[in-house]
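Trainee: Hi! Could you walk me through this one while I have it open?
Mentor: Happy to, go ahead and ask.

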Amino acid sequence: MRIAIITASTPIYRGHEEDKSGKVIQHIVEEAGHKVVFMKPLPCDKTVLSTVMQRMTDGHLVDLILTTGGSGCAAGDCMPEATLEISDRPVVGIPEAMRAYTLQMTKRAMLNRSAAGIRGNVLIVNLPGKPNAVKQCLEYLLPEIVHAVGLIQQEQEED
């Protein structure tokens, strides 16, 4: 599976901080046998994020987009809005399951506004911004995400 990793963080984009969460995602998906074909920090800007994701999906460059960051309650957080703006169909169960799972570990999970959606034959999933939360969530969700991508691509082949 071809995977894009987008880190929504203006400080990381500007080189002021290290992209630790993006590296966690990369490690987990590569260990699972998937190929990272795009990995980049982007500014937490709704237009930039939605445009990049739309170009990747419409250009059939990836099968899955995993994002980290930009999904909290801070004023500039806009990843869920960027994701849902370009999605043809929301997949509400993925972020619901992620929040339910992580609420067992921290009450702060209720502040996560992550979204997931399908555009064309690509699944987009927002993950939390902190490295440990990314690891916990992705390890929990990855088998179901892989299954979902298979279903989405099978559906597109039948159309």
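Trainee: Which residues have the most contacts inside the largest nonpolar core?
Mentor: This is a predicted model, and its largest nonpolar core has 24 residues. Those with the most contacts inside that core are L66, L123, V125, L127, L138 and I145.

Trainee: And which elements give two or more residues to this core?
Mentor: Strand 1, strand 3, strand 5 and strand 6 do, along with helix 2, helix 5 and helix 6. Helix 6 gives the most, with nine residues.

Trainee: Let's look at strand 6. How many of its residues are buried?
Mentor: Six of its six residues, 122–127, are buried, and the strand is mostly covered.

Trainee: Which way do they point from the strand?
Mentor: V122, I124 and N126 point one way, while L123, V125 and L127 point the other way. In a regular strand, side chains alternate between the two faces of the sheet. Both sets in strand 6 are buried.

Trainee: Who are its partners, and in what sense do they pair, parallel or antiparallel?
Mentor: Strand 3 (residues 64–68) pairs with strand 6 in the parallel sense, over five bridges. Strand 5 (residues 116–119) pairs with strand 6 in the antiparallel sense, over four bridges.

Trainee: Which residues stand opposite I124?
Mentor: On the strand 5 side, G117 stands opposite I124. On the strand 3 side, I65 does. You can also find L66, whose bridge partner in strand 6 is V125.

Trainee: What links strand 5 and strand 6?
Mentor: They form a hairpin with two residues between them. G120 sits in that turn and has a positive phi of about 60°.

Trainee: Which residue other than glycine has a positive phi near 55°?
Mentor: That's H60. Most residues other than glycine have a negative phi. You'll find H60 in the loop between helix 3 (46–58) and strand 3.

Trainee: Is H60 buried or exposed?
Mentor: Exposed: the cut-off is over 50% relative accessible area, and H60 has 53% relative accessibility, so H60 counts as exposed.

Trainee: Back to the sheet. What's the strand order?
Mentor: Six strands form an open sheet in the order 2-1-3-6-5-4, with mixed pairing. Strand 2 (35–42) and strand 4 (89–90) stand at the edges with a single partner strand each, so one side of each has no neighbour in the sheet.

Trainee: What about helix 5, which of its residues are buried?
Mentor: In helix 5 (residues 93–103), the buried ones are I94, P95, M98 and T102. Seen down the helix axis, they fall within an arc of 90°, so they line one face of helix 5. An α-helix has 3.6 residues a turn, so residues three or four places apart point the same way.

Trainee: New topic: how much space lies in the largest pocket?
Mentor: About 810 Å³. Its lining has 35 residues, and G69, P128, G129, K130 and A133 lie nearest the centre.

Trainee: What classes of residue line it?
Mentor: The lining has 13 nonpolar, 14 polar and eight charged residues.

Trainee: And which element supplies the largest share?
Mentor: Helix 6, with five residues. The elements that supply at least two residues each include strand 1 (2–8), helix 1 (10–13), helix 2 (20–31) and helix 5.

Note on methods:
Residues numbered from 1 in each chain as written. Predicted model: local features only at pLDDT ≥ 70, side-chain atom pairs only at ≥ 80, totals over all residues. Heavy atoms only, no water. Buried < 20%, exposed > 50% of the residue type's maximum accessible area, 1.4 Å probe, protein only. Arc of directions from axis to C-beta. 1 Å grid on protein atoms, 1.4 Å probe; cavity = no way out; pocket = protein on both sides within 12 Å on 5 of 7 lines; lining within 4 Å. Points joined across faces, edges and corners; volume = space filled by probe spheres on them. Nonpolar A, V, L, I, M, F, W, Y, C, P; charged D, E, K, R; others polar. Pairing = 2+ DSSP bridges. Core = buried A, V, L, I, M, F, W, Y, C linked by side-chain atoms within 4.5 Å.
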